[in-house]
Amino acid sequence: MSERAHLAVVGAGPAGLAGALAAAARGVRVTLVDAAEQAGGQFYRQPARALGARRPEALHHQWRTWERLRDGIDRHLTAGRVTHLTGHHVWCVQREPDSFTVHALRGPAQEEGVTVRADAVLLATGGYERVLPFPGWTLPGVVTAGGAQAMLKGGLVLPGRTVVVAGTGPLLLPVATGLAAAGARVAALVESAGPGALLRRAPALAAEPGKLAEGAWYAGRLLRHGVRTLSRHTVVEAHGTDRLEAVTVAALARDGRTRPGSARRIPCDTLAVGHGMLPHTDLAETLGCTLTGTAVRVDEEQRTDVPGVWAAGESTGIGGAALALAEGHIAGRSIAARLYGAVPDPRSWAAAARARARQRAFFAALDPVYAPPAGWADRITDDTVVCRCEEVTAGQVRTAAGPLGAGDLRTVKLLTRAGMGWCQGRVCAPAVAGLTGCPLTPGRRPFARPVPLGVLAELPDA
């Protein structure tokens with residue numbers, strides 16, 4: 001399949017949908033490419049149609065916003081201004097002299113190659129969860145917080161009957177409330193951040209009263225469902241033989257270390273754990289876009305430093321759905337104006353820019369609050385598996401950085417194989433960085449996901 005499009009949008013989450021809508025509304029033809037079978041991304045993940053969900057809105061906050069996005073895309077699909085390619089996994093975006101080629105895989109086994117050619121690209125690839133290991137984290141029954149949410153939203157299934165939600169970050173609140181509302185017994189919400197850190201940033205946080213009201217709403221739901229919240233606590237170990245049976249949590253002191261004598265054991269069959277998000281930048285790195293830290297660097301119009309490439313949403317910095325919507329809207333308008341001469345509306349542009357600035361300021365104040373607790377790496381025993389793909393332990397990683405002298409993640413990988421597996425270090429890289437003291441630098445790869453050799457062989461020689 002080969003199709004010429006004015007704009008290719010990679011990712012159909014909030015940023016991608018907002019960008020596609022803004023561009024299509026100004027006369028741009030758009031091809032929306034996404035790995036899922038339905039639009040929405042993780043935030044607006046929809047149940048599989050075959051499940052026949054009667055009240056999918058019960059799984060979501062901000063359902064009306066989703067309806068506006070969905071209905072807008074449907075109108076443009078009907079009018080022929082938007083083409084939505086579902087179940088397409090993009091593995092590379094290639095820059096040509098005067099265009100771009102988006103390479104994707106489709107089909108049940110992802111063995112069929114698809115190319116989409118476009119004049120411009122909007123990368124709305126979202127983010128992925130930061131996973132920090134601890135003794136017992138590889139037991140069946142231990143899942144990521146986002147994974148538990150995906151099971152509930154997409155499959156209408158609970159990950160377990162008795163759940164502990166733990167880690168740090170705003171995602172824990174909707175995960176805990178969603179599981180409790182669906183019938184799980186949430187034995188505890190274990191958050192390593194404390195209320196004092198939030199109070200110290202009250203002036204900056206108060207600038208977004210809607211976000212504070214959302215947090216209060218979640219807190220009320222937790223009280224209603226009788227969920228016990230343990231602030232300034234962390235999971236130190238998961239217990240079980242064939243599967244998870246309990247977790248041990250402990251209180252954190254000011255220096256981030258566990259308080260002696262504070263450990264308590266909580267019986268459960270599921271642990272949903274997460275320590276924030278990281279930007280998904282594989283495609284941007286392949287194109288040569290500059291990164292600031294771990295995020296794609298963009299200007300006021302969401303343009304990267306690669307001509308013809310825009311980026312929006314979590315790939316430019318973690319900031320939630322509202323920020324992603326604002327960035328996507330700005331990117332779509334910029335693409336229409338820059339490439340196709342659409343006349344911008346200054347008032348609407350200014351409103352989106354103000355919303356983006358408020359959201360960025362809010363999350364800049366919030367980000368330090370939800371950093372992983374200091375000293376977390378010291379609690380990982382040497383026999384704890386850090387890289388699950390290659391079964392590399394914390395002891396092997398420490399040896400690589402100590403006696404063997406590795407000073408960067410690539411050298412640690414060459415010495416231990418940590419990061420050489422299927423996930424290519426996306427899961428273990430933050431843990432390896434924390435254990436070794438090496439900076440968490442993105443690893444530039446030609447492919448964003450595994451590609452069958454047959455697909456590569458069918459590409460033109462050029």
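Strands count as paired if DSSP finds at least two bridges between them, and strands (E, at least two residues) and helices (H or I, at least four) are DSSP runs numbered from the N terminus. The close-ups below show a predicted model, in which local features need pLDDT of at least 70, side-chain atom pairs count only at pLDDT 80 or more, and totals for chains, interfaces and linings use all residues. Residues are numbered from 1 along each chain as its sequence is written, and side-chain values use heavy atoms, with hydrogens and water left out.

**View 1. An antiparallel sheet of 3 strands.** Here, strands 12, 13 and 14 make up an open sheet in the order 12-13-14, with antiparallel pairing. Its edges are strand 12 (233-240) and strand 14 (264-267), each of which pairs on one side only. On average, neighbouring strands of this sheet are turned by 30 degrees against each other, direction ignored (angles between fitted C-alpha axes run from 0 to 180 degrees between N-to-C directions, and helix axes cover the stretch in contact). Look next at strand 13 (residues 244-251), which runs antiparallel to strand 14 and is joined to strand 14 by 4 bridges. A handy landmark is Val247, which stands opposite Ile266 of strand 14.

**View 2. A parallel sheet of 5 strands.** This open sheet follows the order 8-15-9-10-11, and its pairing is parallel. Strand 8 (142-144) and strand 11 (229-231) form the edges, each pairing on one side only. From one strand to the next, the twist averages 20 degrees. Within the sheet, 6 bridges pair strand 9 (residues 162-168) with strand 15 (residues 270-275) in the parallel sense. To find your place in this pair, start from Val164, which has Leu271 of strand 15 opposite. Helix 3 (residues 145-155) lies across strand 8 and strand 15, and runs at about 85 degrees to strand 8.

**View 3. Helix 1 beside helix 9.** The axes of helix 1 (residues 14-24) and helix 9 (residues 320-340) come within 7 Å and cross at roughly 30 degrees. The two helices are therefore roughly parallel to each other (under 35 degrees; over 145 is roughly antiparallel, 65 to 115 roughly perpendicular and the rest oblique). Their crossing is right-handed (the near helix is turned clockwise from the far one by less than a right angle; anticlockwise is left-handed). Helix 1 brings Pro14, Ala15, Ala18, Gly19, Ala22 and Ala23 to the contact, while helix 9 brings Ala321, Ala324, Leu325, Gly328, His329, Gly332 and Arg333 (contact means heavy atoms within 4.5 Å). By class, these are 8 nonpolar, 4 polar and 1 charged residues (Ala, Val, Leu, Ile, Met, Phe, Trp, Tyr, Cys and Pro are nonpolar, Asp, Glu, Lys and Arg charged, and the others, including Gly, polar).

**View 4. Helix 1 against helix 2.** Helix 1 also packs with helix 2 (residues 63-79), at an angle of about 45 degrees and with the axes 10 Å apart. That angle makes helix 1 oblique to helix 2. The crossing of this pair is left-handed. Leu17, Ala18, Ala20, Leu21 and Ala24 of helix 1 meet Trp66, Leu69, Gly72, Ile73 and His76 of helix 2. The residues of this contact comprise 8 nonpolar, 2 polar and no charged ones.

**View 5. Two spans annotated in UniProt.** An unreviewed UniProt entry lists residues 6-327 as "domain: FAD/NAD(P)-binding" (annotations may be inferred rather than shown by experiment). The end C-alpha atoms of residues 6-327 are 20 Å apart, and this span is 27% helix and 30% strand. The unreviewed entry also places "domain: BFD-like [2Fe-2S]-binding" at residues 385-433. For residues 385-433, the end C-alpha atoms lie 15 Å apart, with 43% helix and 10% strand in the span.
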